[in-house]
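Colleague: I would like a close look at a single strand of this model. Please take me through what surrounds that part.

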Amino acid sequence: MSTAANSAGTCWAVLVAAGRGERLGEGRPKAFVRLGDLPLLAEPLRRLDESEWIDAVVLVAPPDWEEPAILLAEELGVSKVTACVTGGATRTESVRAGVAEVPDDVAVILVHDAARPLLADEVIGRVVGALDEGFDGAVPGLPVVDTVKRVRDEAVHETLVRDELVTVQTPQCFRASALRKALGSGAEGSDCSSLVEANGGRIKVVEGDERLLKVTTRADLDRVAAWLSA
Ligand code: CTP
Ligand code: MG
C-alpha cells in the first residue's frame, strides 16, 4: 500500500532528533521534553509511521538516548522503525548518520526534524509528489511577511525582494542519489536542501504549513501543545 502510493519508489524517512535543545533549556534533549503526556519525539514518529508515503523510518537519537528512543518506539507500537542510530555534533552529521542506514536500493529519502512535531500527511504528500515532476528534491516553504535586509557592520547592505523569499521547513524530500552525493561532499548546512543545491540539484518549493513550526523556545512548545490539544 505504502510503496504503491509513491510512484517514485520506496521512500525512507530519516527523523533527526539528536539535538541538545540548548535554547529550550530543559536540561534534556528537546526530543525528550514533554509535549502533552509523551516526549515530543512521539508525535512526529507516530505521524511518519502512520503515513502511507513512508515505508521505513531511521531514528537519529542523541548520544546516550538511543535506548529511551527505542523504548518509546516500542511503547507507541510503531512498526516502521528499522534502525536507531546515534547523531553527530551537527544536524548535517546526524542526517549523514541516518542516511548511512538507508539501503542502497531505496529511491527516495525524506528528512524531518523531530523538533517539528505537527507533521501533516498532506505536506509529506506534497514533497514526495514533487519528485514525480523531475525535481531532485522538494521543501515546504512559507511566504515571508516582513521585509528582509542584509546587514553588515550594523548597516543595511541590501534590501531583498520579498516576493522572491520563503522560509523553509522540513520534511525535505530528495532522490536518494542526490542526497547521498551532497552529504558525501562533507559540507555542512542548516538544512539538507542547501547541500543538494550546492551540488547542482533542482529543488521545488511546495506549500508549507504554519503548524510545522520548529520548537525552539518554551513559547514555541506551548504553542504547539495548544494546537495539539485544540
Ligand atoms: N539535530 C540533530 N543533531 C544535531 C543538531 C540538531 O539531530 N547535532 C536535530 C534536532 O534534534 C532537531 C533538528 O535537528 O530535530 C533541528 O535542530 P534545532 O532546532 O537546532 O534543535 P537543537 O539543536 O536540539 O536545539 P538547540 O540548537 O537550541 O540546541
Ligand atoms: Mg541546534
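Modeller: Here is a walk around strand β4, from its side chains to its neighbours and the cores.

The model is predicted. Strand β4 covers residues 56-61, and six of its six residues are buried. In a regular strand the side chains alternate between the two faces of the sheet. In β4, Ala-56, Val-58 and Val-60 point one way. Val-57, Leu-59 and Ala-61 point the other way. Both sets are buried.

Next, the neighbouring strands. Strand β1, residues 11-16, runs parallel to β4 and is joined to it by five bridges. Here Val-16 stands opposite Val-60 of β4. Strand β5, residues 81-86, also runs parallel to β4, again with five bridges. In that pairing Ala-61 stands opposite Thr-86 of β5. To get from β4 to β5, the chain passes through helix α2, residues 66-76. This β-α-β crossover is right-handed.

Now the packing. The largest nonpolar core has 33 residues. Leu-15, Leu-41, Leu-48, Ile-54 and Leu-110 touch the most other members of this core. Strand β4 supplies at least two of its residues, as do β1, α1 (42-50), α2, β6 (108-113) and α4 (121-130). The largest share comes from α4, with five residues. There is also a second, separate core of 26 residues. Val-58 of β4 belongs to this second core, whose members also include Ile-109, Val-139 and Val-196.

Technical notes:
Residues are numbered from 1 along each chain as its sequence is written. Chains are lettered from A and ligands numbered from 1 in the order in which they are written. This is a predicted model: local features need pLDDT of at least 70, side-chain atom pairs count only at pLDDT 80 or more; totals for chains, interfaces and linings use all residues. Side-chain values use heavy atoms; hydrogens and water are left out. Buried means under 20% relative accessible area, exposed over 50%, partly exposed in between (1.4 Å probe, protein chains only). Helices (H or I, at least four residues) and strands (E, at least two) are DSSP runs, numbered from the N terminus. Two strands pair if DSSP finds at least two bridges between them. A crossover is right-handed if, with the strands pointing away from the viewer, the path from the first strand over the helix to the second runs clockwise. A nonpolar core is a set of buried Ala, Val, Leu, Ile, Met, Phe, Trp, Tyr and Cys residues joined through side-chain atoms within 4.5 Å.
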